[in-house]
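Trainee: I've got this one open on my screen and I'd like to zoom in on a single spot. Could you walk me through one residue and its surroundings?

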Amino acid sequence: MVYEEPLALAKIEWNDLTSGERHEFILMEGATATIGRSKDNNICVPERHVSRRHAVIHYRDGIFMLSDLGSANGTFVNNEKLDGPFPLAGGDVIRLFVPELRFVAGVTEEEQESASQGGTLIMPAVTEGRCPYVVVTSGPQEGTEFPFLSEIVTVGRATSDATWEICLQDRAVSRPHARFERLSGADGWRLVDLRSANGTRVNGKYLDPETEHLLRDGDVLVFGSSMLLFRQG
């Protein structure tokens with residue numbers, strides 16, 4: 001099988017409010033980029049109004065989509081507050097309450113080379129040899145990561161007798177709530193709601209009970225009142 005290098009499609013620009021330093025990140029085709037105050041984000045914006053994990057840009061069917069990750073102060077595009085995934089277009093201004101980032105369509109070869117050398121080139125996830133995981137971005141266990149260490153990973157409310165792999169300290173989560181399943185003979189995973197009381201949302205849409213969703217890197221998942229981000233590896 002011939003490997004095709006992903007294309008450089010867009011970039012994110014922002015100026016540090018304190019130092020005035022300009023930052024630029026290149027988004028490759030298929031890339032997922034998390035944005036937040038924590039240094040483990042793909043795009044770190046160390047400003048006090050920004051949540052540790054504030055928002056995510058994920059590539060879907062030829063379009064970069066922006067989703068809020070349950071941030072304290074919200075995510076805005078062109079001064080409109082997001083209430084679900086938003087398709088980004090060239091020139092859109094992303095505001096993290098105070099800091100502003102600009103989404104620019106189109107990247108030159110020089111910009112791509114500079115980003116590659118500077119470590120600001122954001123590539124799609126590589127699944128081979130890596131363990132997928134989910135990280136809690138909003139809720140009582142914010143920042144907690146749950147790696148997928150078995151072929152089936154069940155999500156449910158944390159109780160004294162809970163046996164599921166992902167226990168959430170959230171009274172709105174059912175016992176159990178949903179299940180991740182590895183696809184047979186593939187690196188992919190699917191998510192199934194287990195007829196939970198409050199439902200399971202993926203990228204803002206509710207899953208029908210017992211209907212599977214094929215997961216992709218950057219999917220935003222909501223169980224009860226807890227929001228989690230799926231990372232392929």
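Mentor: Let's take Asn-203, starting with its place in the chain and then stepping back to the whole protein. Keep in mind that this is a predicted model. Asn-203 sits in a loop, with β19 (200–202) on one side and β20 (205–206) on the other. Is Asn-203 buried or exposed? Its relative accessible area is 18%, and the cut-off for buried is under 20%, so Asn-203 counts as buried.

Now for the company this residue keeps. If you skip the neighbours within four places in sequence, Asn-203 touches Gly-218, Asp-219 and Val-220, and also His-58, Arg-60 and Pro-85. One of those partners, Asp-219, deserves a second look: the side chains of Asn-203 and Asp-219 are joined by a polar contact of 2.9 Å.

Zooming out, the protein has 23 strands and one helix. Its radius of gyration is 18 Å, close to the 17 Å from the globule rule for 233 residues, so the protein is as compact as a globular protein of that length. The C-alpha trace spans about 55 × 45 × 25 Å along the principal axes. As for burial, 48% of the 233 residues are buried, and Asn-203 is one of the buried ones. Of the contacts with a separation of 6 or more, 43% are between residues 24 or more positions apart.

On the outside, the protein exposes about 12000 Å², with carbon and sulfur atoms supplying 46% of that. As for charge, there are 34 negative and 23 positive side chains, and the centres of the two sets are 8 Å apart.

Terms used: Residues numbered from 1 in each chain as written. Predicted model: local features only at pLDDT ≥ 70, side-chain atom pairs only at ≥ 80, totals over all residues. Heavy atoms only, no water. Helix = DSSP H or I, 4+ residues; strand = E, 2+ residues; numbered from the N terminus. Rg over C-alpha atoms; globule rule 2.2 N^0.38 Å. Buried < 20%, exposed > 50% of the residue type's maximum accessible area, 1.4 Å probe, protein only. Contact = heavy atoms within 4.5 Å. Areas by Shrake-Rupley, 256 points an atom, 1.4 Å probe, with all protein chains shown as cover. Lys, Arg positive; Asp, Glu negative; His and termini not counted. Charge placed at Lys NZ, Arg CZ, Asp CG, Glu CD. Polar contact = N/O pair within 3.5 Å; in protein donor to acceptor, adjacent residues only side chain to side chain.
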